[in-house]
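I opened this model to record how its parts are arranged. The entries below follow the order in which I looked things up.

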Amino acid sequence: MTQAAPTSAYVHVPFCQQRCAYCDFNTYAGLLHLAGPYFDAVRAEIAAERARAGQAGDMPALETVYFGGGTPSLVPEAQLASTMRALSDAFGFAPGLEATLEVNPGTLRPGAAESWRACGFNRASVGVQALRDPLLAALDRIHTAAEAEEAFATLRSAGFENLSADLMLGLPGQTEADVVDAVDRVVSCGAGHVSFYSLTVEPGTPFALRYPDGRGLPGDDEERRLYDAALGELARNGLSQYEISSAARPGLRCRHNVVYWEARPYYGFGAGAFAYAAGVRRGNVVGVPAYIEAIGAEGAAEDSRETVDRAGEMAEVMILGLRMNDGVSRAEFQRRFGGTLDAAFGAAVRPLVAQGLLEDEDDRIRPTRKGIDFSNVVSRAFL
Ligand code: SF4
């Protein structure tokens with residue numbers, strides 16, 4: 001079995017104005033002066049990947065592009081535009097390309113949203129997190145609730161029709177009413193897609209010092225109530241859950257993220273970015289100067305490499321696929337791997353169905369609501 005060439009590309013933008021208190025992503029404050037050499041390196045990495053991949057006729061055009069971070073909306077528009085051009089020159093863009101830019105509401109400059117549209121972005125994912133100022137202050141976010149709402153208006157008037165909002169659950173002092181209000185307001189602002197993530201206290205972050213062992217933060221039961229409140233309000237607003245942490249109006253699922261959850265191949269460019277193709281998952285060096293230097297010296301910045309064999313890929317299809325409400329299709333599994341899902345995983349699926357964690361419906365194995373709540377139990381069965 002040979003994996004198809006990627007039709008998705010992720011570009012990592014590791015610059016932020018300031019670090020949020022909970023964040024452990026690969027991103028840096030105070031390094032924006034390196035944006036020029038950094039994006040030169042990203043473009044060189046794209047060209048090198050293209051050269052490695054062979055002749056133009058052999059390669060499918062990109063169907064999804066995702067600039068994430070970090071704060072992509074912080075960097076000069078010209079850098080984003082020339083990197084989009086580099087991707088288009090290297091791989092081509094398929095008709096109907098979904099091109100997402102992550103936007104921090106504290107970074108919108110006059111004319112920036114129009115430039116983003118002009119260079120091909122057609123979807124914006126706005127980091128809202130919460131819509132009450134004390135909650136945003138507790139997170140060390142650089143924007144207010146009003147600025148987050150204004151960001152949607154600015155993006156809409158620049159022509160962005162496909163808008164997503166990120167919200168966080170489990171913040172100190174957050175109530176169900178806060179969550180319901182935030183959902184209602186981002187939907188009224190035009191978000192047709194909402195991602196809702198639980199706050200996790202990562203070691204080494206300011207949050208880990210402020211809330212040792214999670215003390216002072218909502219417990220599991222309270223967090224579950226906030227999650228239920230979010231899901232209920234999203235549904236009332238016409239956004240259906242399609243993945244553990246994602247809900248969308250019909251037709252507005254994030255196609256790029258679905259590629260990850262279907263364990264399909266993707267390119268990854270930039271510091272700390274991961275790529276997955278031809279059964280190999282590669283990770284780049286994480287530091288910005290180290291990445292720039294490695295690309296300059298070798299045209300590549302690979303720091304880790306993991307071969308994913310057929311059994312590993314089958315397990316990933318189940319673990320990631322069962323994050324989605326639609327689950328995994330037996331027919332699709334068989335088309336991809338040759339063997340049946342039941343032969344590979346029947347022994348793992350049956351007890352989960354008996355425990356009410358999975359549903360077995362003709363072609364599809366899907367998680368139940370209980371299976372979504374206990375996704376760690378479901379995942380472990382396929383390891
Ligand atoms: S803006 Fe996003 S990436 Fe940057 S520090 Fe805050 S949470 Fe992390």
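**Entry 1. Ligand shell.** I began with the ligand in this predicted model. I listed the residues around the ligand as Cys16, Arg19, Cys20, Cys23, Phe25, Thr27, Gly69, Gly70, Thr71, Asn104 and Gly127. By class, I sorted the shell into four nonpolar, six polar and one charged.

Two of the shell residues, Gly69 and Gly70, held my attention for their backbone. I noted that the peptide bond between Gly69 and Gly70 is cis, with omega at about 15°. I placed Gly70 in the loop that lies between S4 and H2.

**Entry 2. The nine-stranded sheet.** I next traced the sheet that contains S4. I found an open sheet of nine strands, in the order S9-S10-S8-S7-S6-S5-S4-S1-S11, with mixed pairing. Which strands stand at the edges? I identified them as S9 and strand S11 (267-269); each has a single partner strand, so one side of each lacks a neighbour in the sheet. I recorded an average twist of 20° from one strand to the next.

I then examined the S9 edge. I saw that S9 and strand S10 (residues 246-248) run antiparallel and are joined by three bridges. Along this pair I noted Ser240 opposite Ala248 in S10, and Glu243 opposite Ser246 in S10. The connection from S9 to S10 is a hairpin of two residues.

**Entry 3. Helices on the sheet.** I looked up which helices lie against these strands. I found H2 lying across strand S1 (8-13), strand S4 (62-69) and strand S5 (93-103), and its direction is at about 150° to S4. I also found helix H8 (residues 220-236) packed on the sheet, where H8 touches strand S7 (162-169), strand S8 (191-198), S9 and S10. The direction of H8 makes about 160° with that of S7.

Ahead of H8 I checked one backbone angle. Asp213 has phi near 60°, which is a positive value in a residue other than glycine. I located Asp213 in the loop between helix H7 (206-210) and H8.

**Entry 4. Helix H1 against helix H2.** I returned to H2 for its helix partner. I noted beforehand that two packed helices are described by the angle between their axes and the distance between the axes. For helix H1 (residues 35-53) and helix H2 (residues 77-91), I recorded axes that come within 9 Å and cross at roughly 5°. I therefore entered H1 as roughly parallel to H2, the limit for that term being under 35 degrees.

On the H1 side of the contact I listed Ala35, Phe39, Val42, Arg43, Ile46, Ala47 and Arg50. On the H2 side I listed Gln79, Ser82, Thr83, Ala86, Leu87, Ala90 and Phe91. I counted the residues of this contact as nine nonpolar, three polar and two charged.

**Entry 5. Two domains.** I consulted the domain assignment, which gives domain 1 (8-261) and domain 2 (313-380). I noted 28 Å between the C-alpha centres of domain 1 and domain 2. How many residues does each domain give to the contact? I found six residues from domain 1 and eight residues from domain 2.

On the side of domain 1 that touches domain 2, I found that strand S9 (240-243) and helix H9 (255-261) are the elements giving two or more residues. S9 supplies the largest share of that side, three residues. I classed the residues of this side of domain 1 as four nonpolar, one polar and one charged. I observe no further detail here and simply cross-refer to Entry 2, where S9 stands at an edge of the sheet.

**Entry 6. The three-stranded sheet.** I closed with a second open sheet, formed by three strands in the order S15-S17-S16 with antiparallel pairing. I noted strand S15 (328-329) and strand S16 (358-361) as its edge strands, each of which pairs on one side only. I found two bridges joining S15 to strand S17 (residues 364-367), and these strands run antiparallel. In this pair, Ser329 stands opposite Arg364 in S17.

Conventions: Residues are numbered from 1 along each chain as its sequence is written. This is a predicted model: local features need pLDDT of at least 70, side-chain atom pairs count only at pLDDT 80 or more; totals for chains, interfaces and linings use all residues. Axes are lines fitted to C-alpha atoms, for helices over the stretch in contact, and angles run from 0 to 180 degrees between N-to-C directions. Helices (H or I, at least four residues) and strands (E, at least two) are DSSP runs, numbered from the N terminus. Angles under 35 degrees count as roughly parallel, over 145 as roughly antiparallel, 65 to 115 as roughly perpendicular and the rest as oblique. Two residues are in contact if their C-beta atoms, placed from the backbone, lie within 7 Å. Ala, Val, Leu, Ile, Met, Phe, Trp, Tyr, Cys and Pro count as nonpolar, Asp, Glu, Lys and Arg as charged, and the others, Gly among them, as polar. Domain bounds come from an automatic or database domain assignment. A residue is near a molecule or strand if its C-beta atom, placed from the backbone, lies within 6 Å of it. Two strands pair if DSSP finds at least two bridges between them.
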